[in-house]
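Please open the model in your viewer and keep the selection panel at hand. The stops below say what to select next and what is there.

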Amino acid sequence: MIALSDRPAVLAAIDRARSVSLSAYILPVSVTDRLAAAARRDARVELALARYPVGDTPDERRCLAQANRDAVDTVRRAGGQATLVSPRDPLHLKAALIDDRVAYLDDRNWSDDGPQSILADDEPDDVAIVRDALARHASGNEHLRTVKPESLALERSVLERAGDATLDVETESFGIGPIYDALEQRAAAHQATRLLVCDRELGQAQRRAHRAGLPPVEIRALDRLTLDGVDVRVTPAGEKMARGGAGAWVGSTNATRDWGSTARQLDWGMTVSDPAISAALRARFQATWETALPYGTVTEPELARGG
């Protein structure tokens, strides 16, 4: 069975687990502390985090990397196993496996602030796929994939099947890639599309481009989509989902490129057919949409400040 879950349920599952394996790009201290407590009561605990998370400035990159080192040290001191994963094998997977029986899949690093979508999945085939991913081996089936290009391919399939129904897409980062291409195709066909993106990520993209003296590709992509008829809004905390017609997708994968180093990036994406999950995702999207700012009203200087 696959069902929507939430952060309290994940923390409660960690608290009673005999074994827990968890991965994230970065991790809140509150989750690290739960893992350490589980290890101290002799649960088997395994943690994997990115060694060098991306940050907007050198100081932010150092702080994020230090936070991940601290999390790994905390779990190790408590008796668990913990690893920092090299950028040579990019890790963007937010997944947990409890007692080798239930997989939890999260789109936002088990965050203790802002919205996030978490799925609880005890289907044996899916559990085996998540187990492989936590061991850093990508695999998948017809509805679940754990490497970025294949995850985005599942998302794109939802976009392409939406047809004339209004399509809702939400992402944290956005760029040129398969989702951009699919949205342009919808715009050319005059099919209604709403896109939510994260203002912090846009601000970081703008500042990186400015420092490098390069055109801000992400901003140009959104400008083009807006000009072509896609309704774009900006929100402080971006989830990762797509919904249109009878199809829906949710994952940890950003709607950016799927080539270069990201071709090997461990990520997850799942298409869901359960009407209850699809309806819940639509409600989550709509709630965020109603408080988001129209993209055209957010100036480039505001994005450069991260808001």
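Begin by selecting glutamate 201 and serine 173, whose side chains make a polar contact at 3.1 Å in what is, throughout this tour, a predicted model. Glutamate 201 sits in helix 7, which covers residues 199–212, and with a relative accessibility of 16% this glutamate counts as buried because the cut-off for that class is under 20%.

Keep glutamate 201 in the selection and add arginine 200, since the two side chains also meet in a salt bridge, with an N to O distance of 3.7 Å. Is arginine 200 buried, partly exposed or exposed? Arginine 200 is partly exposed, its relative accessible area being 37%, whereas glutamate 201 is on the buried side at 16%.

For the next stop, move to arginine 284 and glutamate 239, whose side chains form a salt bridge of 3.2 Å, N to O. Arginine 284 belongs to helix 9, while glutamate 239 is in the loop between strand 11 (231–235) and strand 12 (241–244), so this pair ties together parts of the chain that lie 45 residues apart in sequence. The two ends of the bridge can be compared by their exposure: arginine 284 is partly exposed, with a relative accessible area of 27%, and glutamate 239 is buried, with a value of 0%. Before leaving the salt bridges of this part of the tour, select Glu60 together with Arg200 and Glu201, which are joined into one network by salt bridges that share partners.

Return to glutamate 239 and draw a distance from its C-alpha atom to that of leucine 225: the two residues are 14 positions apart in sequence and 19 Å apart in space.

Now select arginine 282 and aspartate 168, where another salt bridge joins two side chains, again with an N to O distance of 3.2 Å. This pair links distant parts of the chain, with arginine 282 in helix 9 (residues 275–291) and aspartate 168 in strand 9, 114 residues apart. Arginine 282 counts as partly exposed at 35% relative accessibility, and aspartate 168, at 2%, counts as buried. If you wish to display every pair of this kind, how many salt bridges should be found? The count comes to 14 salt bridges.

The tour now turns to surface patches. Select Arg51, Arg69, Arg76 and Arg88, which gather on the surface as a patch of positive charge. Within this group, centre the view on arginine 88, whose place is in the loop between strand 4 (81–85) and strand 5 (95–98); this arginine is exposed, with a relative accessible area of 65%.

For a patch of another kind, select Ile176, Val217 and Trp259, which form a nonpolar patch on the surface and together have about 260 Å² of accessible area. Isoleucine 176, one of these residues, lies in the loop between strand 9 (167–170) and helix 6 (178–188), and at 31% relative accessibility isoleucine 176 counts as partly exposed.

Next, look at the backbone. Which sign does phi take at aspartate 42? Phi of aspartate 42 is near 75°, which is a positive value in a residue other than glycine. Aspartate 42 lies in the loop between helix 2 (29–40) and strand 3, and aspartate 42 is exposed, with a relative accessible area of 70%.

Then select aspartate 99, which likewise is not a glycine and has a positive phi, of about 55°. Aspartate 99 is found in the loop between strand 5 and strand 6 (102–106), and at 19% relative accessibility aspartate 99 counts as buried because the limit for that class is under 20%.

The last stop is alanine 48, placed in strand 3, which spans residues 44–50. Alanine 48 is buried, with a relative accessible area of 6%. From its C-alpha atom, draw a distance to that of aspartate 70, a residue 22 positions away along the chain: the two atoms are separated by 12 Å.

Methods
Residues are numbered from 1 along each chain as its sequence is written. This is a predicted model: local features need pLDDT of at least 70, side-chain atom pairs count only at pLDDT 80 or more; totals for chains, interfaces and linings use all residues. Side-chain values use heavy atoms; hydrogens and water are left out. Patches are made of residues with over 30% relative accessible area and no salt bridge: like charges are joined within 9 Å, nonpolar side chains (Val, Leu, Ile, Met, Phe, Trp, Tyr) within 5 Å. Accessible areas come from the Shrake-Rupley method with a 1.4 Å probe; for residues, only the protein chains shown count as cover. A salt bridge is a side-chain nitrogen of Lys or Arg within 4 Å of a carboxyl oxygen of Asp or Glu. Lys and Arg count as positive and Asp and Glu as negative; His and the chain ends are not counted. The place of a charge is taken as NZ of Lys, CZ of Arg, CG of Asp or CD of Glu. Helices (H or I, at least four residues) and strands (E, at least two) are DSSP runs, numbered from the N terminus. Buried means under 20% relative accessible area, exposed over 50%, partly exposed in between (1.4 Å probe, protein chains only). A polar contact is a pair of N or O atoms within 3.5 Å; within protein, one must be able to donate a hydrogen and the other to accept it, and residues adjacent in sequence count only if both atoms are side-chain atoms.
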